[in-house]
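Biologist: I am new to this structure and would be grateful for a close look at one part of it, the largest pocket. Please describe what lines that pocket, and then go on to the elements and residues elsewhere in the chain.

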Amino acid sequence: MKLIHRLAASAVVAGLALAPATASAQQFINVLTGGTSGVYYPLGVALAKVYADNIEGVKTQVQSTKASVENVNLVTQGRGEIAFALGDTVKAAAEGDADAGFQQPVENLRAIAAIYPNYVQIVASKESGITDLAGLEGKALSVGAPASGTELNARAIFGAADMSYDDLGKTEYLPFAESVELIKNRQLDATLQSAGLGVASIRDLASSLPINVVAVPAEIAETLGAPFRAAEIPAGTYDGQDEAVPTLAITNILVTSSEVDEELAYQMTKQLFENLPELVAAHNAAEGIDPETAGKNLPVPLHPGAERYYKEAGLL
């Protein structure tokens with residue numbers, strides 16, 4: 001965990017080589033993550049270390065990005081070997097959803113595994129008085145980085161609630177940590193963050209000032225349909241949150257490109273599941289990774305290397 005904290009503090013570093021000095025440079029794995037205050041980043045750091053320690057002849061790097069949409073673009077352009085992405089972003093890429101930034105179907109996108117769920121977490125300062133979606137009208141909200149997976153979630157939720165950004169007093173397009181800083185400085189009322197439970201940015205906010213976790217009713221999930229589902233943020237997830245709060249969840253997916261070598265994709269899948277405790281130690285969101293369901297009901301085809309692992313393990 002000390003390593004994770006040191007890495008998270010080095011946000012200016014785009015990537016970090018984690019392979020032992022004796023490893024050759026025959027193969028390279030660039031792990032595409034998200035902002036350093038989110039969940040993708042510490043899990044990506046842990047995953048990169050697992051690969052460096054367990055795949056012979058591999059060097060690894062962790063790249064902090066704007067997350068889902070950028071990651072899909074980078075991995076399919078050959079600028080990363082494995083990437084974290086939200087399930088709805090992956091579906092949008094496969095279908096060529098222009099509103100999500102994909103002008104045509106992304107043909108070479110492949111899945112490694114469905115992993116833990118992201119929870120849509122709308123958090124407001126208590127003094128703002130916001131407790132539900134209607135309470136956001138006229139208020140200042142950050143909806144995530146422009147065209148990020150989080151921002152696509154925000155658009156979908158507002159549409160399903162018959163609202164739009166025009167109903168807000170102010171719309172900011174900022175990453176998690178910057179959104180929190182503006183709330184602390186009373187320049188923003190609320191932030192919408194799509195992340196694993198216990199995300200560092202919201203923990204930081206809740207420890208700094210009283211918060212409200214804003215309810216998103218189950219009807220929104222019913223309106224949107226798959227890959228969205230109704231969920232709850234359990235009581236006590238954040239300081240001062242005394243009751244469970246309804247919201248939406250979306251499965252995260254580890255994706256790769258069809259151009260990635262089959263044996264490398266096989267090893268990336270195998271080592272992921274054989275070293276899950278290392279990921280859980282990096283962030284407890286990884287407790288939601290289930291090998292039994294990881295290779296099923298995905299919006300894009302499995303990479304042949306990943307499929308080989310699931311079949312060998314009796315999971316497909």
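Modeller: In this predicted model, the largest pocket holds about 510 Å³ of space. Its lining is made up of 29 residues. Those that lie nearest the centre of the pocket are Gly34, Gly35, Thr65, Pro175 and Phe176. Several elements of secondary structure take part in this lining: strand β4, helix α5, helix α6 (176-184) and strand β7 (190-195) each supply at least two residues. The largest share comes from α6, which gives three residues to the lining.

Two of the elements that line the pocket, β4 and α5, also serve as packing partners of helix α4. Helix α4 spans residues 87-95, and Gly87, Asp88, Thr89, Val90, Ala92 and Ala93 are buried in it. The buried residues of α4 pack against α3, β3 (82-86), β4 (109-125), α5 (149-160), β9 (228-233) and β10 (245-257). Just after α4 comes Gly96, with a positive phi of about 70 degrees.

Helix α3, one of these partners of α4, covers residues 68-76. Seven of its nine residues are buried, so α3 is largely enclosed by the rest of the structure. The buried residues of α3 are Ser68, Val69, Asn71, Val72, Leu74, Val75 and Thr76. After α3 comes Gly78, which has a positive phi near 80 degrees.

Attention may now turn to strand β1, which runs over residues 27-32 and contains Asn30. Asn30 has a relative accessible area of 4%, and is buried because this value is under 20%. The side chain of Asn30 forms a polar contact with the side chain of Gln63, at 2.9 Å. A polar atom of the Asn30 side chain also lies 3.0 Å from the backbone oxygen of Arg79. Leaving aside residues up to four places away in sequence, Asn30 touches Gln61, Val62, Gln63, Arg79, Gly80, Glu81 and Ile82.

Another buried residue is Pro42, whose relative accessible area is 9%. Pro42 belongs to helix α2, residues 40-54. Pro42 is separated from Leu279 by 237 residues in sequence, yet the two lie 8.4 Å apart in space, C-alpha to C-alpha.

There remain the aromatic rings. A pair of such rings is described by the distance of the centres and the angle of the planes. The model has seven aromatic pairs. In one of these, Phe273 and Tyr309, the ring centres are 5.9 Å apart and the planes meet at 5 degrees, so the pair is stacked. This pair links distant parts of the chain, since Phe273 is in helix α9 (residues 262-274) and Tyr309 is in helix α11 (residues 304-312), 36 residues apart. Phe273 and Tyr309 are both buried. Ring pairs join Tyr266, Phe273, Tyr309 and Tyr310 into a cluster. Over the face of Tyr266, a member of this cluster, lies Arg308, at 4.0 Å from the ring centre.

Technical notes. Residues numbered from 1 in each chain as written. Heavy atoms only, no water. Helix = DSSP H or I, 4+ residues; strand = E, 2+ residues; numbered from the N terminus. Buried < 20%, exposed > 50% of the residue type's maximum accessible area, 1.4 Å probe, protein only. Polar contact = N/O pair within 3.5 Å; in protein donor to acceptor, adjacent residues only side chain to side chain. Contact = heavy atoms within 4.5 Å. Phe/Tyr/Trp six-rings, centres within 6.5 Å; stacked < 30°, edge-to-face > 60°. Lys NZ or Arg CZ within 6 Å of the ring centre and 35° of its normal. 1 Å grid on protein atoms, 1.4 Å probe; cavity = no way out; pocket = protein on both sides within 12 Å on 5 of 7 lines; lining within 4 Å. Points joined across faces, edges and corners; volume = space filled by probe spheres on them.
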